[in-house]
Amino acid sequence: MAIGLTGNDLELISKTAILGGVGDQPLTELLSDAVIKTPERGEVLFVQGDPASAFYVVLDGWIKLYRMTVAGEEAVVGIFTKGQSFAEAAAFTAGMFPVSAECVTDARLLMFPSNRLFDRIRQNPELGLSMLASTSQHLHGLVHQIQQLKAHTGAQRLAEFMLALAPVEAGACTIALPYDKALIAGHLGMKPESLSRAIARLKEVGVTVKRNMATIHDVDRLRNFFEQERAEVLRSRS
């Protein structure tokens with residue numbers, strides 16, 4: 001097992017999309033090959049075109065994946081945070097990374113070398129099938145989320161996003177967000193000005209955002225707001 005993993009880390013890893021269906025023993029073996037990385041904000045993990053030598057699980061912090069356009073502009077492909085994995089598709093194909101990855105905050109990552117992953121799968125083909133099944137199930141869930149996202153208001157999208165990040169089921173909590181709010185807006189399919197309006201709306205239900213920290217004063221109250229908003233949208237469409 002990778003040195004430095006905590007009990008909370010192990011619980012988080014066991015719920016990730018790619019490793020959620022892997023059994024205890026295979027997961028322990030995979031973790032023995034993994035390495036904990038602690039890159040700082042602004043550090044580049046890999047560059048588009050580099051050999052895909054590993055995939056990652058985010059233990060803490062935020063990572064953005066992006067491509068450079070022909071015009072030399074940066075196009076953000078996605079952002080990933082605690083409990084999410086990235087670069088696994090490229091690692092499985094042993095090709096080149098199709099995007100670049102950069103830390104938008106200080107981060108703590110678990111890196112799985114692809115060569116060791118291939119060795120494990122050769123020794124235990126069931127491991128590869130389990131990872132494939134887990135990832136496939138996750139993709140089906142993402143399709144459903146995208147369909148739901150289009151039907152949600154900006155405030156709903158932000159509320160659901162924060163509820164997913166909340167470390168508690170009830171009471172108050174604080175969530176660390178990326179410094180660049182444009183990343184969150186893009187992730188939620190919103191314009192930055194729409195995100196600002198959504199933040200103002202959530203302030204009415206006890207959510208405050210200051211720089212990169214969001215405080216939810218009552219998780220149940222935010223969840224009730226989300227459910228009420230969803231019910232109103234459904235009524236308006238019936």
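**Crossing helices and a cluster of rings**

In this predicted model, the axes of helix 6 (residues 154-165) and helix 8 (residues 192-203) come within 8 Å of each other and cross at roughly 70°. Helix 6 is therefore roughly perpendicular to helix 8. On the helix 6 side, the residues in contact are Gly154, Ala155, Leu158, Ala159 and Met162, and they meet Leu195, Ala198, Ile199, Arg201 and Leu202 of helix 8. Sorted by character, the residues of this contact comprise eight nonpolar, one polar and one charged.

Aromatic rings are the next topic. A pair of such rings is described by two values, the distance of the centres and the angle of the planes. Across the whole structure, seven aromatic pairs are found. One of them joins Phe46 and Phe86, whose ring centres are 6.4 Å apart and whose planes meet at 35°, so this pair counts as tilted. Because Phe46 belongs to strand 2 (residues 44-46) and Phe86 to strand 6 (residues 85-86), the pair ties together parts that are 40 residues apart in sequence.

Are these two rings buried or exposed? With a relative accessibility of 4%, Phe46 counts as buried, and Phe86, at 1%, counts as buried too; the cut-off for buried is under 20%. Phe86 also forms a tilted aromatic pair with Phe80, with 5.7 Å from centre to centre and 35° between the planes. Looking at the wider picture, ring pairs link Phe46, Tyr56, Phe80, Phe86 and Phe97 into a cluster.

A ring can also meet a charge: the charged end of Lys64 sits over the ring of Tyr66, at 5.4 Å from the ring centre.

Conventions
Residues numbered from 1 in each chain as written. Predicted model: local features only at pLDDT ≥ 70, side-chain atom pairs only at ≥ 80, totals over all residues. Heavy atoms only, no water. Axes fitted to C-alpha atoms, helices over the stretch in contact; angles between N-to-C directions. Helix = DSSP H or I, 4+ residues; strand = E, 2+ residues; numbered from the N terminus. Parallel < 35°, antiparallel > 145°, perpendicular 65-115°, else oblique. Contact = heavy atoms within 4.5 Å. Nonpolar A, V, L, I, M, F, W, Y, C, P; charged D, E, K, R; others polar. Phe/Tyr/Trp six-rings, centres within 6.5 Å; stacked < 30°, edge-to-face > 60°. Buried < 20%, exposed > 50% of the residue type's maximum accessible area, 1.4 Å probe, protein only. Lys NZ or Arg CZ within 6 Å of the ring centre and 35° of its normal.
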